[in-house]
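The following exercises concern the architecture of a single protein chain. Each task is followed by a solution that proceeds step by step.

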Amino acid sequence: MSDEEARQGGCSSQAGGVTVSDVQELMRRKEEIEAQIKANYDVLESGLQVDDEIVEFGSVNTQNFQSLHNIGSVVQHSEGKPLNVTVIRSGAKQQLRLVPTRWAGKGLLGCNIIPLQR
């Protein structure tokens with residue numbers, strides 16, 4: 001539709017100073033935010049919580065852990081498959097299951113795992 005046709009039809013390509021590209025950018029950001037919320041929800045549903053100390057993540061455990069690359073490799077090879085994860089939470093061991101899944105953000109987990117500093 002040309003600008004002339006829009007004016008004759010009572011439409012405007014810039015309604016109230018908002019352009020089509022502004023709306024497209026808002027829609028893109030909305031989809032990105034929704035994907036982040038879903039990924040974080042999936043992590044929470046799996047039971048993983050802030051301050052959980054991971055002691056086993058798939059085949060990686062306290063005996064063979066060398067770096068976060070070990071966990072990254074397990075995650076990459078387990079996309080869409082359940083992973084057994086053992087954490088220490090409030091001094092007690094908890095068994096969890098995570099399913100690495102693609103989402104709009106980085107990685108497959110929807111969370112950041114950081115090494116414990118002792």
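Helices (H or I, at least four residues) and strands (E, at least two) are DSSP runs, numbered from the N terminus. The model is predicted: local features need pLDDT of at least 70, side-chain atom pairs count only at pLDDT 80 or more, and totals for chains, interfaces and linings use all residues. Residues are numbered from 1 along each chain as its sequence is written, and side-chain values use heavy atoms, with hydrogens and water left out.

**Exercise 1.** Determine the order in which the elements of the protein chain run from the N terminus on.

Solution. Step one is the inventory: the protein chain has three helices and four strands. Step two places them in sequence, which gives α-α-β-β-α-β-β.

**Exercise 2.** Describe the sheet and identify its edge strands.

Solution. Two strands are taken to pair if DSSP finds at least two bridges between them. With this criterion, four strands form an open sheet in the order β2-β1-β3-β4, and the pairing is antiparallel. The edges are β2 and β4 (92-98), each of which pairs on one side only. Between β1 and β3, which run antiparallel, there are four bridges. Within this part of the sheet, Phe 57 stands opposite Val 85 in β3.

**Exercise 3.** Establish which residues of helix α3 are buried and why they lie on the same side of α3.

Solution. Buried means under 20% relative accessible area, exposed over 50%, and partly exposed in between (1.4 Å probe, protein chains only). In α3 (residues 68-77), the residues Ile 71, Val 74 and Val 75 are buried. They cover an arc of only 100° around the axis, and therefore lie on the same side of α3; the arc is that of the directions from the helix axis to the C-beta atoms. The face turned away from this buried side carries the exposed residues His 69 and His 77. The buried residues of α3 pack against β1 (53-57), β2 (60-61) and β3 (83-89), where contact means heavy atoms within 4.5 Å.

**Exercise 4.** Locate the salt bridges found in a search of the whole structure and classify the accessibility of Arg 28, Glu 25, Asp 52 and Arg 89.

Solution. A salt bridge is a side-chain nitrogen of Lys or Arg within 4 Å of a carboxyl oxygen of Asp or Glu. The search of the whole structure finds two.

1. Arg 28 forms a salt bridge with Glu 25, with the closest N and O atoms 2.6 Å apart. Both residues lie in helix α2, three residues apart, about one turn of the helix. Arg 28 is partly exposed at 40% relative accessible area, and Glu 25 is partly exposed at 33%.
2. Asp 52 forms a salt bridge with Arg 89, with the closest N and O atoms 2.7 Å apart. This pair links distant parts of the chain, 37 residues apart: Asp 52 is in the loop between α2 and β1, and Arg 89 is in strand β3. Asp 52 counts as buried at 14% relative accessibility, and Arg 89 is buried at 18%.

**Exercise 5.** Determine what share of the 118 residues in the protein chain is buried, and what share of the contacts between residues at least 6 apart in sequence joins residues at least 24 apart.

Solution. Buried residues make up 22% of the 118 residues. Of the contacts between residues at least 6 apart in sequence, 53% join residues at least 24 apart.
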